[in-house]
Every structure is written in C-alpha cells, then in structure tokens.
Amino acid sequence: MLIVDSKDCENIDKALKKYKKKYEKSKILLQLRERQTFTKPSVKRRNEVLKAIYKQKISSGKIEL
C-alpha cells in the first residue's frame with residue numbers, strides 16, 4: 001500500500017500528484033499486466049535474446065532507425 005505524507009497546508013491536487021508519481025515508480029501496474037497472462041520461461045528467454053540481438057545490430061550500425 002502506498003502512503004503519501006501530506007502537510008496540513010498542502011493542496012489535495014499536490015498530494016494526488018505525489019501519489020501518482022509514487023504509483024508509477026513502484027511499477028505496480030506493470031506487475032499486474034504481467035500476471036494477467038502466463039508466458040513460458042522459454043518464450044521469455046527467446047524474447048530477451050531477440051531483443052539483445054536487435055540492440056547489437058542497432059549499435060553496430062547494421063540497422064538504421
């Protein structure tokens with residue numbers, strides 16, 4: 001649970017903004033989306049390898065964006 005400390009004179013909009021920042025930084029939404037569907041470990045690993053290969057090609061100049 002996220003807790004936002006607010007001062008007595010602080011506006012509710014500022015407190016809400018702080019809460020949204022904390023929520024975004026904690027990556028709760030990303031975790032919930034990952035849990036909605038199950039992906040096999042082999043598929044996760046394959047995607048990681050493909051991303052790494054793609055990044056290497058971009059850094060070496062073989063692929064231009």
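Is Ile53 buried, partly exposed or exposed? At 38% relative accessibility, Ile53 counts as partly exposed, because the partly exposed class runs between the 20% limit for buried and the 50% limit for exposed. Keep in mind as we go that this is a predicted model.

Ile53 has its place in helix 3, and it makes a good starting point for looking at the surface. Together with Val49 and Leu50, Ile53 makes a nonpolar surface patch of about 230 Å². If you have the structure open, pick out those three side chains and you have the patch in view.

Stay on helix 3, which covers residues 41-60, and look for charge instead. The structure holds one salt bridge, and the partners are Arg45 and Glu48. Their side chains meet at 3.4 Å, taken from N to O, which passes because the cut-off for a salt bridge is 4 Å. In general, side chains of opposite charge can pair when their charged atoms come close. Here both partners sit in helix 3, three residues apart, and that is about one turn of the helix.

How accessible are the two partners? Arg45 is exposed, with a relative accessible area of 51%. Glu48 has 48% and is therefore partly exposed, since the exposed class starts over 50%. So the two labels differ, but look at the numbers too: 51% for Arg45 and 48% for Glu48.

Arg45 also gives you a handy ruler. Count eleven residues along the sequence from Arg45 and you get to Gln56, with 17 Å between the two C-alpha atoms. For another such pair, go to Lys18, which is found in helix 1 and is partly exposed at 39% relative accessibility. Lys18 and Gln36 are 18 residues apart in sequence, and their C-alpha atoms lie 27 Å apart in space.

Now for the link between the first two helices. Helix 1 takes in residues 12-26 and helix 2 residues 28-36, with Lys27 in the loop between them. What is the phi of Lys27? It is near 60°, a positive value in a residue other than glycine. For context, most residues other than glycine have a negative phi. Lys27 is also exposed, with a relative accessible area of 51%.

Last stop: the empty space. Rolling a probe the size of a water molecule over the atoms shows where such space is left. In this model the largest pocket holds about 150 Å³. Which residues line the largest pocket? They are Glu34, Thr37, Phe38, Thr39 and Lys44. By character, the lining divides into one nonpolar, two polar and two charged residues. Glu and Lys count as charged and Phe as nonpolar, so you can match the side chains on your screen to that split.

Technical notes. Residues are numbered from 1 along each chain as its sequence is written. This is a predicted model: local features need pLDDT of at least 70, side-chain atom pairs count only at pLDDT 80 or more; totals for chains, interfaces and linings use all residues. Side-chain values use heavy atoms; hydrogens and water are left out. On a 1 Å grid over the protein atoms alone, a cavity is a set of points where a 1.4 Å probe fits but cannot get out, and a pocket is an open set with protein on both sides within 12 Å along at least five of seven lines; lining residues have an atom within 4 Å of a point. Grid points are joined across faces, edges and corners, and a volume is the space filled by probe spheres set on the points. Helices (H or I, at least four residues) and strands (E, at least two) are DSSP runs, numbered from the N terminus. Buried means under 20% relative accessible area, exposed over 50%, partly exposed in between (1.4 Å probe, protein chains only). Patches are made of residues with over 30% relative accessible area and no salt bridge: like charges are joined within 9 Å, nonpolar side chains (Val, Leu, Ile, Met, Phe, Trp, Tyr) within 5 Å. Accessible areas come from the Shrake-Rupley method with a 1.4 Å probe; for residues, only the protein chains shown count as cover.
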